[in-house]
Amino acid sequence: MSPETTVTFHTPSTLDEAFALLKEHGDDARVIAGGTALVVMMKQSLVVVDHLVSLASIPGLVGIDVREGAVHIGALTRHRDVETSPIVREHLPFLSDVYGRVATVRIRNSATVGGGLAHADPSQDPPAALMVLDARVRLVSPRGEREVAVAEMFRDYYETVLRSDELIAEVIVPIPSATARTAYLKFLPRNEDDYATVAVAALAEVANGTVQKLRVTLIAAGPTPVRAEAVEAALEGQSPTAEAIRAAADLVADAVDPMDDFRGAPDYKRDMAVVFTRRALERVLLAQG
Ligand SMILES: Cc1cc2nc3c(=O)[nH]c(=O)nc-3n(C[C@H](O)[C@H](O)[C@H](O)COP(=O)(O)OP(=O)(O)OC[C@H]3O[C@@H](n4cnc5c(N)ncnc54)[C@H](O)[C@@H]3O)c2cc1C
């Protein structure tokens, strides 16, 4: 796309029409949802295409409902609608909170759940929460559909496992046990609506003084969201003492690989990853019996 070229904006009304357009135009086309990420990338010439295929007129991609112990969120659902949904607030208040921590209301009113995941910027907040909740995405293509765990979908900076003809149709979030505790700590030394310098999501279940289940994920800490499996393994089956938590949090230093940028040097971010992991663990593990 040169500055003089006109971009053709397609508005298919079915998934099949969208697939046909994507097939016809190949690398010269991209799907667009809220446009908050894609338009910026096009303006910076990081994405150069002549055809945009909007998903906005395709029925069945927006909405939130509960089925078989999970909350289903359509890919075209806006961040702000996840944040304010009574269903999400009832069953997944943690997720409502994390979507409410993304950027500004103005961005959240446009940005979609599927667009956010497909964009795959490792500084985005929602993947951290979705990963500790063991969420999955349902992908559709002309060949059929498949489900992929959110924890398995990121490959590298801005890269996912989505094949070129696949779209995200919905995100499926299992409702955690009533005793699970969650925390999301976003380190924002600059201003409240910035991307995180580093952020940590944690989910824990403790029974009889022992950690039964622990999930810890960091964002802005490497080329993809980072699941801190060593931290989880160090505490699962153990009594969550302050000392055990401190030792486990230290393990995150080897799991992260932060980028050097204007939010800080890698060593500083690594130290902050340890500090915020410890605080998140204290919040989900020490406050319960
Ligand atoms: C100023 C600003 C501040 C921000 N701050 C934050 C922040 O603090 N935290 C945070 O988490 N995020 C932040 N973001 C990022 C924001 O969350 C993303 O821009 C947004 O989620 C992208 O969603 P979208 O619907 O606008 O996607 P689009 O821009 O429409 O698309 C993004 C990418 O996803 C693809 N795509 C879209 N929908 C689908 C689909 N259903 N299936 C397959 N591929 C699809 C597109 O082809 C494109 O490659 C910020 C963005 C801006 C512009």
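These legends accompany close-up views of a predicted model.

**View 1. Three domains divide the chain.** Domain 1 covers residues 8-54. Domain 2 runs over 64-174, and domain 3 over 181-286. Between the C-alpha centres of domain 1 and domain 3, the distance is 36 Å.

**View 2. A shell of 29 residues surrounds the ligand.** Gly34, Gly114, Gly115, Gly116 and Ala118 come nearest to the ligand. By residue class, the shell holds 17 nonpolar, ten polar and two charged residues. Domain 1 and domain 2 each contribute at least three residues to the shell.

**View 3. Helices and strands both line the ligand.** Strand S2 (29-32) and helix H2 (38-43) each give at least two residues to the shell. So do helix H7 (113-119) and strand S10 (167-174). Helix H7 makes the largest contribution, with five residues.

**View 4. The largest nonpolar core contains 85 residues.** Leu95, Ala129, Val173, Val198, Ala199, Ala202 and Leu218 have the most contacts inside this core. Strand S12 (residues 198-207) supplies the largest share of the core, eight residues. In soluble globular proteins, nonpolar side chains tend to be buried together.

**View 5. Val173 and its contacts from elsewhere in the sequence.** Val173 is among the residues with the most contacts inside the largest nonpolar core. Neighbours within four places in sequence are left out here. Beyond them, Val173 is in contact with Ala70, Val71 and Ile73, among others. Leu92, Leu95, Leu130, Leu133 and Ala135 also contact Val173. One of these partners, Leu95, is likewise listed with the most contacts inside the core.

Key: Residues are numbered from 1 along each chain as its sequence is written. This is a predicted model: local features need pLDDT of at least 70, side-chain atom pairs count only at pLDDT 80 or more; totals for chains, interfaces and linings use all residues. Domain bounds come from an automatic or database domain assignment. A residue is near a molecule or strand if its C-beta atom, placed from the backbone, lies within 6 Å of it. Helices (H or I, at least four residues) and strands (E, at least two) are DSSP runs, numbered from the N terminus. Ala, Val, Leu, Ile, Met, Phe, Trp, Tyr, Cys and Pro count as nonpolar, Asp, Glu, Lys and Arg as charged, and the others, Gly among them, as polar. A nonpolar core is a set of buried Ala, Val, Leu, Ile, Met, Phe, Trp, Tyr and Cys residues joined through C-beta atoms within 7 Å. A residue is buried if 20 or more other C-beta atoms lie within 10 Å of its own, exposed if 12 or fewer, and partly exposed in between; C-beta atoms are placed from the backbone. Two residues are in contact if their C-beta atoms, placed from the backbone, lie within 7 Å.
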